[in-house]
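I opened this structure to make notes on its strands, its enclosed space and its aromatic rings. The entries below follow the order in which I looked things up.

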Amino acid sequence: MTIRTSLNAFDIAAGRGRVTATRPHWLLAALLSAGLPGPEARAQEAVTLEELAVEGESRGQGVGNGAPGGRNAAAGAIGLIGPTQGYRTDRAVSSTKTDTPQRDVPQVVTVASREVITDLAATRVDRVFNYTPGVAQQNNFGGLSVFSYAIRGVTTSELYKNGFPLNRGTPPPPDAQNIERIEVLKGPGGGLFGRSDPGGLVNIITKQPTTERFVEMGGLWGSFEEFRGTVDSGGALNDDGTLAYRFNLAAGRQNSFRDFVNGDRLLVAPVLSWQITPDTRITVETEFLRNRIVFDRGVIAINGRLGLLPISRFLGEPGQSTYQTNNTMQVRVDHRFNADWQMRLATHFNTGTLEGESAEIRRLEADNRTVSRDRNVRDYRWDTAIGQAEVVGRFDTAGIGHTMLLGFERESTDSRTVYNRSSIGPGPTYAIDIYNPRYGQPLPPINRFRNNLERVTNTALYAQDQLTLSPEWKALLGVRFDFFEQSFRERIPRSQVDQSYFAATPRAGLVYQPLPELALYTNVGTSFRPNIGPDAAASSRSGPFAPETGLGYEVGAKIDLYGGALSLTAAAFRVDRQNVLTPEANGSGFSVAVGGVRSQGFELTAAGQITPEIKLLAGYVYADAVVTEDPTLRPGTPLINVPRHSGSLLAVHEVQGGPWKGLGLGGGVRGVGERAADAVNSFTLPAYIAVDALAYYRYENFRFSLNVENIFDSEYYESSLNRFRVYPGAPRRFTGTLSVRF
């Protein structure tokens with residue numbers, strides 16, 4: 001028998017089977033370290049290796065936005081990073097860094113495929129989060145940052161791209177144009193990813209080169225004068241297909257339902273891959289992002305009441321913009337020793353800047369209509385370099401199958417923050433009337449200065465073993481060791497913070513499959529996250545806060561219906577954390593350590609096809625997230641921005657035949673319960689339900705679509721940081737798109 005294998009961006013594909021090639025020495029494996037995709041159970045057949053395919057495809061699925069093309073990967077191939085069709089994905093690399101069927105992993109990964117992103121006409125990942133069960137919006141730093149969010153009631157800003165962290169520095173929210181899929185790992189991920197939170201994390205998988213030659217051009221027009229143009233192209237650059245590329249471009253401008261708030265963005269993302277030999281491939285992936293936006297802190301709550309101001313009211317200064325640059329390069333070398341052993345070497349380089357000016361509210365005066373503001377001037381710069389070396393291998397011992405992952409990671413991040421402000425005096429300063437704002441006042445002088453330098457280094461070793469104990473029983477064991485160092489120098493005013501920690505984050509899981517379609521599982525894992533960056537700067541008055549630690553565990557079930565077309569999951573979870581930081585409710589910009597917190601509840605999800613015409617993505621989460629231990633807050637105090645009840649349903653009916661073939665009609669419902677709006681629960685954000693609709697028509701190589709968000713024009717609030725920073729949700733808006741593929 002001969003199996004053709006396929007090399008993907010994270011992984012190198014290899015067929016199933018017993019191989020006579022000699023395994024590499026364990027010393028070599030340990031030195032090269034960890035993680036390409038791991039295998040499934042091996043059939044007892046010999047395998048002849050022919051070649052590694054260039055494109056990042058998966059089992060017969062298309063490239064780009066779900067269009068057909070590319071060669072099929074071998075059944076049971078180790079690699080999987082390419083496109084997936086529909087709303088259901090049976091594999092995800094974020095739970096194990098190996099290509100393992102989701103039913104064999106003792107954890108849940110919710111995947112938003114490229115098809116979901118396209119159907120939602122999403123230009124940024126936060127739009128996709130609206131239909132990702134268990135994910136709740138948090139502070140987005142005035143629209144500037146890789147926003148924070150909560151997974152299963154646990155607030156985090158851990159966002160990854162192809163396994164590398166994106167939340168170093170203050171980069172803009174990622175653009176959706178070059179995203180293949182978004183994987184949301186539920187539960188502890190510290191055993192593989194290190195400094196993370198026990199509720200979960202997000203890993204973005206980007207579009208990869210393909211040997212199929214194509215060009216797809218698109219246009220988007222929407223409410224609030226939004227327009228955007230995109231290009232997605234790829235193909236082989238030589239006759240034998242060993243050199244291939246992918247190129248994505250997005251450029252657009254938009255206003256907002258918020259007065260005077262607008263922005264523009266440019267993304268350029270070329271990727272090049274070279275199949276040096278049938279067993280070795282190098283991929284160079286770059287991304288250049290330019291972002292301009294008006295810094296916007298939202299509306300305010302007056303005496304704990306919302307709705308007294310229109311959601312369009314802007315309380316900053318018109319014309320003050322913030323400019324961001326973000327440049328990233330990832331280089332990956334994938335090498336296969338034989339059908340059972342392979343290696344990945346990868347580096348990630350990122351540099352960025354944030355510069356701009358804004359006016360921000362600091363105090364509401366006694367008349368309940370005049371607010372004092374200060375003038376803020378920011379100049380942030382950062383540089384990050386991360387290297388990873390991973391080896392994955394398959395072997396048997398005493399009838400037990402092993403997929404062993406060994407990894408080494410080294411990170412170095414340097415950042416410089418200049419943050420200068422004007423004073424807030426005892427009386428109204430740089431004041432504005434919230435009911436009758438008068439803009440364009442003389443700018444107050446800058447007389448408060450902050451200038452700091454921060455260096456963070458982290459060295460990690462990690463190991464993971466996926467064990468096949470029998471056809472019904474599978475287990476996972478893993479541990480990661482991190483040696484973390486931080487040096488923080490405040491030049492104005494003078495202060496110094498140095499801290500170093502050594503942490504071990506183990507995890508374990510067990511899967512029982514009484515039927516091929518049913519998997520019962522349980523897992524437990526720990527987390528470790530140093531309190532650094534702005535938190536460390538804020539706390540430098542009294543020394544750094546201790547690192548946040550966590551313990552999470554869950555039990556659950558996964559069921560595949562209709563031959564695997566529809567996947568259902570159910571999980572009951574609990575997460576306990578210590579030394580959790582929360583912004584002070586008075587808007588000072590400092591943080592407080594609330595001590596101990598807990599989130600517990602259950603989650604139900606469904607993804608896939610219920611008929612050939614109907615696809616859906618749905619979920620419901622109950623999360624009871626409260627303070628358990630704190631010197632000032634009462635135990636049982638709900639955590640900020642975390643609803644007890646939240647759920648969503650996205651469903652689309654697409655005609656499969658006849659004269660209306662390619663017509664899709666669908667919609668979605670998003671429901672979010674009442675949430676605490678600040679750390680001390682002085683006011684709440686009301687519950688809301690928003691309804692969306694979509695329609696599209698695919699004819700030959702054209703695709704037309706119309707999306708309507710918030711059909712009934714409901715007024716709601718997405719998240720809050722404190723009473724001076726409440727972010728309203730968007731009113732009804734329309735988005736039309738047109739794309740053509742050549």
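**Strand β29 and its neighbours**

I began at Leu616, which stands opposite Ala651 in β29. I kept in mind from the start that this is a predicted model. Leu616 drew me to the pairing of strand β28 (residues 614-629) with β29, which is antiparallel and runs over nine bridges. I then looked for the partner beyond, and noted that β29 also pairs in the antiparallel sense with strand β30 (residues 663-672), again over nine bridges. In that second pairing I found His653 opposite Leu665 in β30.

Which side chains of strand β29 point to the face that is buried? Going along residues 645-654, I recorded an alternation in which Ser646, Ser648, Leu650, Val652 and Glu654 point to one face and are buried. His645, Gly647, Leu649, Ala651 and His653 point to the other face and are not buried. Both residues of β29 that I had looked up in the pairings, Ala651 and His653, therefore belong to the face that is not buried.

**The largest cavity**

I next listed the cavities of 30 Å³ or more, and the structure holds 13 of them. The largest holds about 1200 Å³ of space. It is lined by 48 residues, and the closest to its centre are Arg124, Asp126, Ser256, Phe257 and Arg733. I sorted the lining by character and wrote down 16 nonpolar, 20 polar and twelve charged residues.

Which strand gives the largest share of the lining of this cavity? I found that strand β13 (residues 243-254) does, with four residues.

**From β13 to β15**

Having met β13 at the cavity, I followed its pairing to strand β14 (residues 263-277), which is antiparallel over twelve bridges. Within that pairing Tyr245 stands opposite Leu272 in β14. I went on to strand β15 (residues 280-293), which runs antiparallel to β14 and is joined to it by twelve bridges. The link between β14 and β15 is a hairpin through two residues, and I noted Asp264 opposite Arg292 in β15.

**Aromatic rings**

I turned to the rings and counted 14 aromatic pairs in the structure. For Tyr501 and Phe528 I noted ring centres 6.4 Å apart and planes at 65 degrees, so I entered the pair as edge-to-face, the cut-off being over 60 degrees. Tyr501 lies in strand β23 (residues 495-515) and Phe528 in strand β24 (residues 518-529), so the pair ties together parts that are 27 residues apart in sequence. Are these two rings buried or exposed? Tyr501 is partly exposed, with a relative accessible area of 24%, whereas Phe528 is buried, at 5%.

The rings of Tyr697 and Tyr699 also have their centres 6.4 Å apart, but their planes lie at 15 degrees, so this pair is stacked. I recorded Tyr697 as partly exposed at 25% relative accessibility and Tyr699 as partly exposed at 45%.

I also noted a cluster in which ring pairs link Phe260, Phe314 and Tyr439.

**Charges over rings**

Last, I looked for charged groups placed over aromatic faces. Arg373 lies over the face of Tyr430, at 4.3 Å from the ring centre. The charged end of Arg378 sits over the ring of Phe295, 4.7 Å from its centre.

Key
Residues are numbered from 1 along each chain as its sequence is written. This is a predicted model: local features need pLDDT of at least 70, side-chain atom pairs count only at pLDDT 80 or more; totals for chains, interfaces and linings use all residues. Side-chain values use heavy atoms; hydrogens and water are left out. On a 1 Å grid over the protein atoms alone, a cavity is a set of points where a 1.4 Å probe fits but cannot get out, and a pocket is an open set with protein on both sides within 12 Å along at least five of seven lines; lining residues have an atom within 4 Å of a point. Grid points are joined across faces, edges and corners, and a volume is the space filled by probe spheres set on the points. Ala, Val, Leu, Ile, Met, Phe, Trp, Tyr, Cys and Pro count as nonpolar, Asp, Glu, Lys and Arg as charged, and the others, Gly among them, as polar. Buried means under 20% relative accessible area, exposed over 50%, partly exposed in between (1.4 Å probe, protein chains only). Two strands pair if DSSP finds at least two bridges between them. Rings of Phe, Tyr and Trp (its six-membered ring) pair if their centres lie within 6.5 Å; planes under 30 degrees apart count as stacked, over 60 as edge-to-face and the rest as tilted. A charge sits over a ring if NZ of Lys or CZ of Arg is within 6 Å of the ring centre and within 35 degrees of the ring normal.
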